[in-house]
Amino acid sequence: METADEARNQGSSVSILEKNPKVVFVLGGPGSGKGTQCTNIAKLFGYTHLSAGDLLRAESESDSENEIMIKNVMKEGKIVPSEVTVKLLQQAMWKIGNDKFLIDGFPLNDENRAAFENVTGIEPAFVLYFDCPVEEMERRLLNRNQAREDDNIETIKKRFKVFLESNPPVISYYGEKGKVRKIDAARSIDQVFESVKTIFEAQD
């Protein structure tokens, strides 16, 4: 995987870095409400919402070389290789004229984090972390009707296991840098968004 310096030399990351983009990582377990809150943040504060999961699902339905691999990995509730996800995020940021991005559901582990920073040369302004009990997240996932292949009970439990094992080092890393903004996500959508708004208003 190329580094930020190599990418600059090849021209693939220049426009992204020249934007001096503001990136916010939005993390939380499956069903914590990240996607809903990102939609609200994007509308009110002018960010572009990039869902790592949505990008991967779209890629898995394409004719790309990674189509089958992504589909199988996601079905197992595992983490797609960093180089694949970072490339998709990088391409999405390249195509969009905005300079403020919410990256939803990434990085899932410390290797993801290091790969993103190494390849793009970008560190997040902060990390928005939606803290929600597993029982509540499971209830929400089983109640939503999105017909997603990864929303069955077996895959949900695998996704929880992977998240709980892999994500804490990312939160710890950015916590030590004073960049984590933790939200109680077990409340209603409106209550959660009030807390979210306070955080983003303080950043502007």
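## Close-up views of the predicted model

**Figure 1. Tyr174 counts as buried, since its relative accessibility is 0%.** The view is taken from a predicted model. Tyr174 belongs to one aromatic cluster together with Phe25, Phe106, Phe116 and Tyr173. Within this cluster, Tyr173 has a relative accessible area of 24% and is therefore classed as partly exposed. Arg113 lies over the face of the Tyr173 ring, at 3.6 Å from the ring centre.

**Figure 2. Aromatic pairs are shown, with Phe126 and Phe200 among the rings involved.** With ring centres required to lie within 6.5 Å, the model contains seven aromatic pairs. In one of them, Phe126 and Phe200 meet edge-to-face, with 5.3 Å between the centres and 65° between the planes. Phe126 is part of strand β4 and Phe200 is part of helix α11 (residues 189-203), so this pair ties together parts that are 74 residues apart in sequence. Phe126 counts as buried because its relative accessibility is 0%; Phe200, with a relative accessible area of 1%, is buried as well. Tyr173 and Tyr174 form another edge-to-face pair, at 5.0 Å centre to centre and 85° between the planes.

**Figure 3. An open sheet is built from five strands with parallel pairing.** The strand order is β2-β3-β1-β4-β5. Strands β2 and β5 (180-184) stand at the edges, each with a single partner strand, and therefore each has one side left without a neighbour in the sheet. From one strand to the next, the twist averages 20°. Helix α3 (residues 34-45) lies across β1, β2, β3 and β4, and the helix runs at about 175° to β3.

**Figure 4. Strand β3 is paired in parallel with β1 and with β2.** Strand β1 (residues 22-28) is joined to β3 by five bridges. Among the residues of this pairing, Phe25 has Ile103 as its bridge partner in β3, and Val26 has Asp104. Strand β2 (residues 48-51) is linked to β3 through four bridges, and Thr48 stands opposite Phe101 in β3. Four of the five residues of β3 are buried, so the strand is largely enclosed by the rest of the structure.

**Figure 5. The surroundings of Leu102, a residue of strand β3 (residues 100-104), are shown in detail.** Leu102 has a relative accessibility of 0% and therefore counts as buried. When neighbours within four places in sequence are left aside, the contacts of Leu102 are Val24, Val26, Cys38, Ile41, Ala42, Tyr47, Thr48, His49, Leu50 and Phe200. One of these residues, Leu50, is 52 residues from Leu102 in sequence, whereas the two C-alpha atoms are 5.9 Å apart in space. Another contact, Phe200, is the ring that pairs edge-to-face with Phe126 in Figure 2.

**Figure 6. Helix α9 (residues 153-166) is shown with its span and its buried residues.** The helix has 14 residues and, at 1.5 Å a residue, should span 20 Å; the C-alpha atoms at its ends are 20 Å apart, so expectation and model agree. The buried residues of α9 are Thr155, Ile156, Arg159, Phe160, Val162, Phe163 and Ser166. Elements covering these residues include the strands β1 and β4 (126-131) and the helices α5 (67-75), α7 (110-120), α8 (134-143) and α10 (168-176).

Terms used:
Residues numbered from 1 in each chain as written. Predicted model: local features only at pLDDT ≥ 70, side-chain atom pairs only at ≥ 80, totals over all residues. Heavy atoms only, no water. Helix = DSSP H or I, 4+ residues; strand = E, 2+ residues; numbered from the N terminus. Buried < 20%, exposed > 50% of the residue type's maximum accessible area, 1.4 Å probe, protein only. Contact = heavy atoms within 4.5 Å. Pairing = 2+ DSSP bridges. Expected span 1.5 Å × (residues − 1). Phe/Tyr/Trp six-rings, centres within 6.5 Å; stacked < 30°, edge-to-face > 60°. Lys NZ or Arg CZ within 6 Å of the ring centre and 35° of its normal. Axes fitted to C-alpha atoms, helices over the stretch in contact; angles between N-to-C directions.
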